[in-house]
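Let's take a look at the charged side chains in this protein and see how they pair up. Have the chain open while you read.

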Amino acid sequence: MHRSHSPQDSERPDHRPGRWLNLGVLAHVDAGKTSLTEALLHAGGALDQLGRVDDGTTQTDTLALERRRGITIRTAVASFAVGDVTVNLVDTPGHPDFIAEVDRSLAVLDGAILVLSAVEGVQAQTIVLYRALRRLGVPVVFMINKIDRSGADPDRVIAAIRRRLTTAVVPLGTVRAPGTPAAAPVPLDWDDPGTAEATTVRLADHDDAVLQAWVDRGRLLDRSSFTAALGRLTRRGACQPLTYGSAVTSAGVTELITTVTDLMPAEAADPTAPVSGQVFKIERDDSGDRVCSVRIRTGTLVVRELVPVGGEEAGRVTRIEVFEPGGPTHRDRAVAGQIARVHGLGKARLGDRLGAEPAGLPELNFPPPALETTIVTRDHDQQLALYTALSELGDRDPLIRLRTDDQGASRISIYGEVQQQVIADTLLLEHGIEVDFHSTTVICIERPAGIGRAVLRMGDPDHLFGYTFGVTVEPHRPGAGLELILDVPRSEVPMHVYSTVDAFREALGRYVELPLASGPQGWRVTDLRLIVTESDFNPPGPSTTHVKHTVEQVVAEAVRQAGTIVCEPVDRFSLETPLDAISGTLALLGRHRGVPDTPMINGAVAVITGTVPTAELDPIRRNLHNATHGEGLLETRLDHYTPRRPRPGPSD
């Protein structure tokens, strides 16, 4: 059950001094992340009783699909207080289909708890998440969960962390009776003289001040100086503390809260700075209005304030709900360090920056979706409503790309099957539309196969516009995109509409987007040189609408005349596998058109790099667990496109 503020409290401005710690909880699927979030909220006094993932009663997993599948899909925020620090827990997805959602939430964090199972240990997504946290400079505390489960082996997990993640891990104790219901963390024993020496030796490797005090004066760390030194090292990412516990029994949860609030950087507000923030989640309220979850970076955001969004025109804030213990609470302002639900920013998109551009903001870095699928309504009368709803989803999230194929069907870009189900769940929940998916393929491109020419002249049959336009389309080098060349005299540019030649060129760049968005074979046309060979008009000249429509028709025809070659994406991969699984891993790659480089040996792990068609990644991922005994890690990025070849029959 949720604790709640009184109505009087919720409407009163919050002027209490304090600090805010925005803390992520991350893990491989099924490591117990959401259960740990519940345990933290309960221990922090924000929940009267624990929810259970298996029962679908957790606070942060609120989507119907989250409750059914027992996984986190959308980033959720909940809060509790520790002294003068308000901890905003950000429960992030762990499934690879939602890595973009994860990266957006990581960008607003002050620190993160990376949860590992005491049984399964370091898993593939654990490594991906840890590397993302390090890339973004987010301090990390490891938490080995499920110490009470049969088969729990914390020492084996620590060894795997040192082998696969980092040697700078600092365990804050040991575990008594692991693998039994009585399992419990045992803190460092500062009454034991060996503790001071062991902790000094461990931190001296990373802290010059500790090393100098030890070497020059023989000074060993005590509890207080150890905490201070470890806090410095944690905040700058030089060390990662490690705690133990069980979300089910609540063992070690209080100790984890103490660790993160002592060692992580809690931010105090500077209300006088220019306001800035970052949108990391967008949803709709009961009235259908857009609500943005925003991390306030600097300054103060006030109701009724006009604030620039995404570097463009301002949106007016109509309502603010600040995340506080007890839930989102109406306030007249939100200050630096806080997370708020902001109403009124109707044009904001995920990842947008609000207000000023403070220095040091992390850059989001995730690949665009590689798959595209056709989406249809079960009730054919809702097809238009579906297109409107998908357009709205795409407007909120720039990674959801919508297009209409040559049959008039709606196609959207996705990361994988689970995200596909989430879109279906969202459409049903927010719009009352039931949908099905089919014809899922990788997203290809088209390149011109040859030279194509087309022209429409004033007076031509069926050409109703007062403008002449001609182009030549020819192939360009791979990766060149579009090169637009004006090969017409300045006198033939309609300067009465476009004040300069550069303005005309810029307008043409916009006009050709539509005909190039879907070529003769349904894919985006790119890597071409488009040469304008004719441009003419009679006084007083054409309207912009006449120019636009003429350009669209002529470019589409020139592309058709040139013909196109469909090119499929090829990814560059890095695959980590145990040495004893290297032959099976290479065989798996070979069956799916992978072209590996010579493997590199790094201790007990082989690192294989190379290229593979993007279309083959899904079957590789599905079979990688068996091929590598569950220890394989595959990371990929788009490398290039190559002419599509007929695919071999299924082999796995």
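Here is a quick tour of some salt bridges, and of how much of each partner is open to the outside.

Keep in mind that this is a predicted model. In total, 31 salt bridges turn up. Three of the pairs are listed here, each with its N to O distance.

| Pair | N to O distance |
|---|---|
| Glu-557 and Arg-560 | 2.8 Å |
| Arg-593 and Glu-568 | 3.1 Å |
| Arg-637 and Asp-639 | 3.7 Å |

Start with Glu-557 and Arg-560. Both sit in helix H15, which covers residues 544-562, and they are three residues apart, about one turn of the helix. Glu-557 is partly exposed at 28% relative accessibility, while Arg-560 is exposed at 51%.

Now for Arg-593 and Glu-568: buried or exposed? Arg-593 comes out as buried, with 16% relative accessibility, and Glu-568 is buried too, at 3%. Where do these two sit in the chain? Arg-593 is in the loop between helix H16 (582-591) and strand S32 (595-596), and Glu-568 belongs to strand S31 (residues 564-578), so their salt bridge ties together parts that lie 25 residues apart in sequence.

Then there's the pair Arg-637 and Asp-639. Arg-637 is partly exposed, at 48% relative accessible area, and Asp-639 is partly exposed as well, at 35%.

Salt bridges can also join up into a network. Which residues are linked that way? Arg-131, Arg-164, Glu-576 and Glu-635 are.

Technical notes: Residues are numbered from 1 along each chain as its sequence is written. This is a predicted model: local features need pLDDT of at least 70, side-chain atom pairs count only at pLDDT 80 or more; totals for chains, interfaces and linings use all residues. Side-chain values use heavy atoms; hydrogens and water are left out. A salt bridge is a side-chain nitrogen of Lys or Arg within 4 Å of a carboxyl oxygen of Asp or Glu. Helices (H or I, at least four residues) and strands (E, at least two) are DSSP runs, numbered from the N terminus. Buried means under 20% relative accessible area, exposed over 50%, partly exposed in between (1.4 Å probe, protein chains only).
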